[in-house]
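Hi,

Here is the model I said I would pass on. Have a look at it below, and then read on for what turned up when I went through the aromatic side chains.

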Amino acid sequence: MRSLSVTLCSLLVVALVSRVASTHAKDSEIHWSAAWDNDAIANDDGGYTHGFFLNWGYLLDSDNSWETTVLNALPLPEFSQYQNAISYQLAQTIYTPSNIDTSDLILDDRPYAGLLFGAVNLYRFDAKKSSRYELLLGIAGPGSGAEYVQRYIHDIIGTVDPSGWHHQIGNEVVIRAGYEQLWRLYQYSFTNGIEYDLLSAADIRAGNLSSDIGGGMTIRVGEGLSNSFPMTWLTSGRTLPALAGSHPGEWSLFGTLYANYVFNDITIEGNTFKDSHGVHLVNQQWLYLVGGSYQFSNWSFSGSIQESSHTFVESDESTMFSTFTISLTW
């Protein structure tokens, strides 16, 4: 019950933040998206098993807003004819060992871990590049409500009850700050309106939740790619594609290769400031992602499949999951 109370209180806080943020939007359209991650495609309940992300945001029309003031104070590359935007996020993610049918502590597998967090993202972009600053704050451990959510979902679908949640990492406030830079390196349009482009990206993040530095490449084919480019980040479903502008009938197919060096990860190594079960982090990691999207009238749908290399020394298994995102603008 305590975990559920914390979860409900967090939802209330984020709802209030959303209400305050909407007063700054003025006449701008509000963009929403809901993304769901699940590893059912791999028929495996280990590793990263579930995630839900609620995003909302809008373009910044005023140079006098606090968001623009903050952006102007941050180090950014030179932009021409740029736009600014802000988005907010509420998310919960769940991580488990491969065998969830035992109540024993599995010493050579990752710990049970749940995260509940909110994040704010500030964007500046033009036709060739896009920058994003992120600040994330949340809780890891029982306060995330992850055990309650997984047990509830497994009860509904009639699958095995996860038995080892009493071994999960302890409660810990988590924070992370990050910066991502995206470049549109090349684009080409065919006579029938279809085009393709090549993007590169680099990012750096630091905090007790996780810290890493990485980069990757994305290739896309479709229609209206220039409209969705500024929000095409390495992980599908974490941003709001419509923030950069989109039109009905636009679509894309995409593939991404990404590699990073991870310095710390609380969901693998366990708690930072207290003793808990953990395993040994693999620092050098990679992933690939393939997917597609389609824009209807004022809403869009996207889906992707992501597979990453093994993330801890005690296992050589990769992690695979799918992401489905529905976006709405009004």
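**Charges over rings, ring pairs and a surface patch**

Let me start with Arg 124: its charged end sits over the ring of Tyr 82, 4.1 Å from the ring centre. There is a second case of this kind, with Lys 129 lying over the face of Phe 79 at 5.1 Å from the centre of that ring. Keep in mind as you look at these that this is a predicted model.

Next, the rings among themselves. How many aromatic pairs does the count come to? It comes to 17. One of them is Tyr 294 with Phe 296: the ring centres are 4.8 Å apart and the planes stand at 65°, so this pair is edge-to-face, the cut-off for that being over 60 degrees. Both partners can be seen from outside to some extent: Tyr 294 has a relative accessible area of 37% and is partly exposed, and Phe 296, at 33%, is partly exposed too.

Then there is Phe 301 with Phe 324. Here the centres are 6.5 Å apart and the planes are at 25°, so the pair counts as stacked, which needs planes under 30 degrees apart. This pair links distant parts of the chain, since Phe 301 belongs to strand 11 and Phe 324 to strand 12, 23 residues apart. As for accessibility, Phe 301 is partly exposed at 36%, and Phe 324 is partly exposed at 37%.

Elsewhere, ring pairs join Tyr 186, Tyr 188, Phe 190 and Tyr 196 into a cluster.

Now for the surface. Which residues form the nonpolar patch there? They are Trp 36, Phe 52, Tyr 294, Phe 296, Trp 299, Phe 301, Phe 324, Ile 326, Leu 328 and Trp 330, and together they have about 970 Å² of accessible area. Two elements give two or more residues to this patch: strand 11 (299–308) and strand 12 (319–329). Which of the elements gives the most? That is strand 12, with three residues.

This is where the threads meet. Tyr 294 and Phe 296, the edge-to-face pair, are both in the patch. Phe 301 and Phe 324, the stacked pair, are in the patch as well. Why does Phe 324 count as partly exposed? Because its relative accessibility is 37%, and partly exposed covers what falls between 20% and 50%.

If you open the model, I would begin with the patch and then turn to the two charges over rings.

Cheers

Conventions
Residues are numbered from 1 along each chain as its sequence is written. This is a predicted model: local features need pLDDT of at least 70, side-chain atom pairs count only at pLDDT 80 or more; totals for chains, interfaces and linings use all residues. Side-chain values use heavy atoms; hydrogens and water are left out. Patches are made of residues with over 30% relative accessible area and no salt bridge: like charges are joined within 9 Å, nonpolar side chains (Val, Leu, Ile, Met, Phe, Trp, Tyr) within 5 Å. Accessible areas come from the Shrake-Rupley method with a 1.4 Å probe; for residues, only the protein chains shown count as cover. A salt bridge is a side-chain nitrogen of Lys or Arg within 4 Å of a carboxyl oxygen of Asp or Glu. Helices (H or I, at least four residues) and strands (E, at least two) are DSSP runs, numbered from the N terminus. Buried means under 20% relative accessible area, exposed over 50%, partly exposed in between (1.4 Å probe, protein chains only). Rings of Phe, Tyr and Trp (its six-membered ring) pair if their centres lie within 6.5 Å; planes under 30 degrees apart count as stacked, over 60 as edge-to-face and the rest as tilted. A charge sits over a ring if NZ of Lys or CZ of Arg is within 6 Å of the ring centre and within 35 degrees of the ring normal.
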